[in-house]
Amino acid sequence: MLTQWFEPEPTFKGLVLARELVRRGYEVEVVTGFPNYPGGKVYPGYRIRPLQRETIDGVQVTRVPLYPSHDASSLRRIANYASFAASALLYSLFRARKPDVVYVYQLPTKAVVAAVLRVFRGVPFVYDVQDIWPDTLAATGMVGGGMMFRAAGAVARWTYRHADALVVNSSGFKRVLTERGVEPGRAEVVLNWCDEGSLRAPAETGPAFPADGRFRIVFAGNMGLAQALGSVLDAAELVRARDPRIDFVFIGSGVDTDRLKADAERRGLSNVAFIPRMPIGEVGRFLGQASALLVHLKDDPLFAITIPGKTQAYMAMGKPILMAAPGNAAELVREARCGVEAAPQNAAAIADAAVRLASLPEDELRAMGERGKAYYNEHLAVPVGVARIAEMFERVSDRGRAPRSIPSAT
């Protein structure tokens with residue numbers, strides 16, 4: 001598994017996937033960096049060195065050096081991606097045992113490493129496409145047009161062509177990649193799951209929120225440019241006059257956090273609260289005690305085919321969802337009948353949706369959340385998604401050889 005981010009960094013296809021594969025009988029080595037996401041600072045207990053090995057829940061983890069950064073600087077972000085890719089390539093070419101298959105999670109720069117391994121060591125690879133480059137770079141403000149944009153697009157297209165199989169997390173992603181020359185049969189839609197075990201773990205401390213009758217709408221996750229949460233602050237200002245019971249709670253961190261906090265304080269938004277990033281088990285405690293959960297993305301064509309990972313986490317927690325993201329994410333909530341929709345970056349629409357949710361009877365809110373949880377368990381849960389990815393591993397690793405049976409899940 002080649003991934004720049006892994007435990008203890010917040011990921012939903014990191015340790016969860018690796019641990020489930022080990023349970024199914026696979027031997028897994030994770031090649032990753034030293035944990036620094038999302039703050040760009042190396043986590044306590046770690047220091048960057050040429051190589052570090054550890055075992056987490058039966059999973060072999062090899063950490064290689066990188067330049068730690070995750071701020072708004074394009075150059076520093078590129079240095080972060082490129083340094084890990086270079087370290088991972090050197091390790092994979094000259095130190096790692098030859099695997100049967102490489103699974104690449106996230107970025108095209110990692111898929112380049114896998115493509116080189118394919119050429120020099122004959123190892124097939126499955127590329128899990130979570131962001132479409134260069135579209136994501138433009139939508140998040142990391143790069144504009146020009147040479148860097150075109151170069152990123154060329155790298156991405158090259159990796160899509162060289163992957164033996166592609167995992168995509170929405171039908172929209174598959175459509176776009178097909179339009180860009182990927183054969184439909186090489187791309188398979190496998191909707192993301194969440195770390196349901198950690199989220200649903202019993203809380204070891206007291207209540208997350210006081211029992212004061214407030215209707216708390218919680219956003220949990222990265223607060224970056226793609227989330228465009230300034231519009232939610234605008235909605236909070238509108239809501240304050242319409243229903244003073246409603247609070248908006250932001251949990252997490254990101255490049256936009258300081259600006260958002262300063263803006264909320266400047267405007268005197270007493271119905272807005274910020275809570276620092278915390279372990280996923282603690283996040284689950286807050287999500288489980290929220291009245292509703294918020295998804296918001298920038299109003300950009302790319303995000304019409306994006307399903308943010310928090311959507312699945314919210315569904316797994318059995319809470320109503322305020323979905324302010326268009327396209328595939330809204331379609332998922334609509335199909336599961338587990339929330340209400342609002343136009344992204346539209347403060348009036350978000351405020352209307354918040355007031356509508358807060359006005360619903362308790363039993364209707366509970367039923368909405370339970371429908372989302374049931375849909376998650378049937379279609380999106382870890383065993384469902386991992387089984388499909390494992391089938392892809394078997395298919396590409398057995399190409400040209402007699403078929404093998406897939407290791408049992410029991």
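These legends go with close-up views of a predicted model.

**View 1. Helix α12 packs against helix α14.** Here we're looking at residues 328–336 (α12) and residues 362–380 (α14), whose axes sit 9 Å apart at an angle of about 110°. That angle falls in the 65 to 115 range, so α12 and α14 are roughly perpendicular to each other. On the α12 side, the residues to pick out are L332, E335 and A336, and they meet R371, G372, Y375 and L380 of α14. Sorted by class, this contact has four nonpolar residues, two charged ones and one polar one.

**View 2. Helix α1 crosses helix α15.** The helices in this frame are α1, residues 15–23, and α15, residues 382–397. Their axes come within 10 Å and cross at roughly 70°, which makes α1 roughly perpendicular to α15. From α1, look for V16, L17, E20 and L21; their partners in α15 are V382, P383, V386, A390 and F393. The tally for this contact is eight nonpolar residues, one charged residue and no polar ones.

**View 3. F248 sits in the largest nonpolar core.** This core has 139 residues, and F248 and L322 are the ones that touch the most other members. Helix α13, residues 347–359, supplies the largest share of the core, with eight residues. Zoom in on F248 and set aside its neighbours within four places in sequence: what's left in contact is I217, V232, A236, V239, N271, V272, A273 and A354. As a general rule, nonpolar side chains in soluble globular proteins tend to be buried together.

**View 4. Helix α11 is largely enclosed by the rest of the structure.** This helix spans residues 309–316, and seven of its eight residues are buried, so the rest of the structure largely encloses it. The buried ones are K310, T311, Q312, A313, Y314, M315 and A316. Follow the chain just past α11 and you get to G318, which takes a positive phi of about 70°.

**View 5. C194 and C338 are in no disulfide.** If you're hunting for disulfides, a search of the whole structure finds zero. For C194, the nearest cysteine sulfur is that of C338, 13 Å away. Starting from C338 instead, the nearest cysteine sulfur is that of C194, again 13 Å away. A disulfide would need the sulfur atoms within 2.5 Å. As for surroundings, C194 counts as buried because its relative accessibility is 3%. C338, at 1% relative accessibility, counts as buried too.

Notes. Residues are numbered from 1 along each chain as its sequence is written. This is a predicted model: local features need pLDDT of at least 70, side-chain atom pairs count only at pLDDT 80 or more; totals for chains, interfaces and linings use all residues. Side-chain values use heavy atoms; hydrogens and water are left out. Axes are lines fitted to C-alpha atoms, for helices over the stretch in contact, and angles run from 0 to 180 degrees between N-to-C directions. Helices (H or I, at least four residues) and strands (E, at least two) are DSSP runs, numbered from the N terminus. Angles under 35 degrees count as roughly parallel, over 145 as roughly antiparallel, 65 to 115 as roughly perpendicular and the rest as oblique. Contact means heavy atoms within 4.5 Å. Ala, Val, Leu, Ile, Met, Phe, Trp, Tyr, Cys and Pro count as nonpolar, Asp, Glu, Lys and Arg as charged, and the others, Gly among them, as polar. A nonpolar core is a set of buried Ala, Val, Leu, Ile, Met, Phe, Trp, Tyr and Cys residues joined through side-chain atoms within 4.5 Å. Buried means under 20% relative accessible area, exposed over 50%, partly exposed in between (1.4 Å probe, protein chains only).
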